[in-house]
Amino acid sequence: MSVQVENLEEKNKAKLTIEVSAEEFGEALQEAYKKQKKDISLPGFRKGKVPMNMIEKMYGPGVFYEEAANILIPQAYRSAAEESGEEIVSRPDIEVTQIEKGKPFIFTAVVAVKPEVTLGKYMGVEVTEIDTQVSDEDVMNEIDRERENNARIVSVEDRAIENGDTAVIDYEGFSDGVAFDGGKGENHSLEIGSGSFIPGFEEQLIGKNAGDEVEVNVTFPESYHAPELAGRDAVFQVKIHEIKTKEIPELDDEFAQDVSEFDTVDEYMASVREKVQERKNAEAKQTQQEEALEKIVADSQMDIPSEMVDMQTENMINQYAQQMAQQGISLDQYLQIAGITLEELGNQVRPEAETHIRQDLVLEAIAQAEDIEITDEDVDAEIERMAVLYKMEADQSKGYVTENERENMKLDLASRAALERVAEGMKPRAKAEETDEPAAEAGDAAAESADTEE
């Protein structure tokens with residue numbers, strides 16, 4: 001196999017001309033014959049036993065060409081793409097230019113290639129200063145969430161339902177007097193105020209007691225996922241079995257010992273303050289990095305091939321589909337619920353896809369400009385870190401990672417290192433400078449006025 005590369009006039013496009021030897025093409029024809037002969041019959045021959053030359057005589061010499069091309073092209077293209085040295089960022093547009101028995105098989109592949117990036121200023125980028133001071137309220141909010149997480153659920157027998165309670169109910173819904181699918185449940189625990197039921201449902205249970213039978217009237221939203229119920233009135237017959245509430249633990253030394261390694265409330269609160277500070281610092285850094293990267297991208301030049309954006313958009317949709325599948329929802333079901341087509345979803349995702357591409361290209365360019373090199377040891381360390389995260393054996397994890405995946409990890413680690421390099425040089429704009437500037441201007445104006453009066 002041989003490959004010739006031609007850079008096209010259209011920017012960031014290349015044409016690969018790939019030639020496969022006549023011998024290899026002949027072998028592919030034989031393979032095509034073996035795959036298809038079982039479905040071919042001719043008078044005088046048993047089905048599947050017709051000789052290749054007889055089939056070609058009857059149906060023409062090109063009878064196996066299409067199948068032979070389908071056999072050859074995938075592997076030949078992969079090898080040619082690697083041999084070409086081009087950084088291909090799209091699927092190929094394939095065209096067969098020569099296909100004839102006894103001659104080399106020739107086809108072309110037009111591809112988009114990774115564009116060059118002309119970096120703008122990437123060190124010393126000004127970013128907005130973010131206040132990371134931790135207030136007492138921040139600390140108490142964090143502690144209250146921990147208390148909430150450690151709350152006990154207890155039954156309530158001496159009062160009616162209040163907002164925040166959990167009601168254990170049976171329910172059945174009717175529209176125009178007819179029960180509808182999915183509208184019935186037994187011993188369902190419903191947190192009042194959670195908004196998990198149809199708007200208006202939960203509020204009508206407030207003030208009711210265990211043992212009550214309640215008629216709840218609601219209207220389904222116009223956007224409800226079941227079209228036959230969207231916008232329609234419904235009545236739910238509800239039986240309240242039990243009322244439960246959360247019992248929040250007191251903030252004392254015993255609580256501190258239960259949820260932390262500390263013995264006293266004061267020690268526990270100090271540790272919470274430290275953790276909140278770390279989180280605020282990390283969040284501020286990430287926000288500033290995003291702002292800096294956005295400015296660097298805007299200040300850099302690159303021509304993104306539309307095919308590259310197409311491919312990234314498709315990849316992102318596939319990732320969404322995988323995430324939804326983990327929740328038991330297929331992509332088709334999601335599209336139906338959202339009321340959009342696959343094309344409309346693609347149009348929604350496309351701007352984000354292009355943003356990701358521009359950011360990735362800029363970070364790669366910065367990594368090259370800064371001579372950032374990722375070693376095999378760096379990759380091994382990252383695999384070990386991920387193994388700990390997912391509770392796997394590091395050596396076992398390394399065995400699962402292919403060479404191609406290791407190369408992708410190197411690119412990712414280099415991009416992360418480039419972003420860290422950018423972060424080191426960021427220049428936060430002090431808020432004092434922003435507010436002092438108008439004040440200084442006002443002072444100058446006042447001085448000029450005084451001079452004029454004199």
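Is Arg159 buried, exposed or partly exposed? At 25% relative accessibility, Arg159 counts as partly exposed, because the buried class ends at 20% and the exposed class begins over 50%. Keep that scale in mind. The model here is a predicted one, and the same scale helps in reading several of its parts.

Start with the partner of Arg159. Arg159 forms a salt bridge with Glu162. Their closest N and O atoms are 3.8 Å apart. Glu162 is partly exposed too, at 41% relative accessibility.

Now turn to another pair, Glu382 and Arg416. Their side chains meet in a salt bridge, with 3.0 Å from N to O. Glu382 belongs to helix α10, which covers residues 376–389, and Arg416 belongs to helix α12, which covers residues 403–424. The two parts are 34 residues apart in sequence, so this pair ties them together. The two ends of the bridge sit in unlike settings. Glu382 is buried, at 9% relative accessibility, whereas Arg416 is partly exposed, at 37%.

Salt bridges can also be linked to one another. Glu142, Arg145, Arg279 and Glu283 are joined into one network by bridges that share partners. Across the whole structure, a search finds 32 salt bridges.

One more pair lies inside a single helix. Arg147 and Asp144 meet through their side chains in a salt bridge, with 3.2 Å from N to O. Both residues are in helix α4, residues 136–149. They are three residues apart there, so about one helical turn separates them. Arg147 is buried, with a relative accessible area of 17%. Asp144 is partly exposed, at 32%.

Next comes the sheet. Which order do its strands take? The order is β1-β2-β4-β3, in an open sheet of four strands with antiparallel pairing. Strands β1 (2–7) and β3 (93–98) stand at the edges. Each has a single partner strand, so one side of each is left without a neighbour in the sheet. On average, neighbouring strands of this sheet are turned by 20° against each other, with direction ignored.

Look at the β1 edge. β1 runs antiparallel to β2, the strand of residues 13–20, and six bridges join the two. One bridge can be followed by name: Glu6 has Lys15 in β2 as its bridge partner.

Then move to strand β4, residues 105–112, where Thr108 has its place. Is Thr108 buried or exposed? Thr108 is buried, with a relative accessible area of 8%. What does Thr108 touch, leaving aside its neighbours within four places in sequence? Its contacts are Lys15, Leu16, Thr17, Asp93, Ile94, Glu95 and Thr97. Lys15, one of these contacts, is also the bridge partner of Glu6. The strand order places β4 between β2 and β3. Lys15, Leu16 and Thr17 fall within β2, residues 13–20, and Asp93, Ile94, Glu95 and Thr97 fall within β3 (93–98).

Finish on the surface. Which residues make the nonpolar surface patch of about 550 Å²? The patch is made by Met386, Leu389, Tyr390, Met392 and Tyr400. Take Tyr400 from this group. Tyr400 is found in helix α11, residues 394–400. Its relative accessible area is 54%, so Tyr400 counts as exposed. Thr108, at 8%, was buried.

Note on methods
Residues are numbered from 1 along each chain as its sequence is written. This is a predicted model: local features need pLDDT of at least 70, side-chain atom pairs count only at pLDDT 80 or more; totals for chains, interfaces and linings use all residues. Side-chain values use heavy atoms; hydrogens and water are left out. Patches are made of residues with over 30% relative accessible area and no salt bridge: like charges are joined within 9 Å, nonpolar side chains (Val, Leu, Ile, Met, Phe, Trp, Tyr) within 5 Å. Accessible areas come from the Shrake-Rupley method with a 1.4 Å probe; for residues, only the protein chains shown count as cover. A salt bridge is a side-chain nitrogen of Lys or Arg within 4 Å of a carboxyl oxygen of Asp or Glu. Buried means under 20% relative accessible area, exposed over 50%, partly exposed in between (1.4 Å probe, protein chains only). Two strands pair if DSSP finds at least two bridges between them. Axes are lines fitted to C-alpha atoms, for helices over the stretch in contact, and angles run from 0 to 180 degrees between N-to-C directions. Contact means heavy atoms within 4.5 Å.
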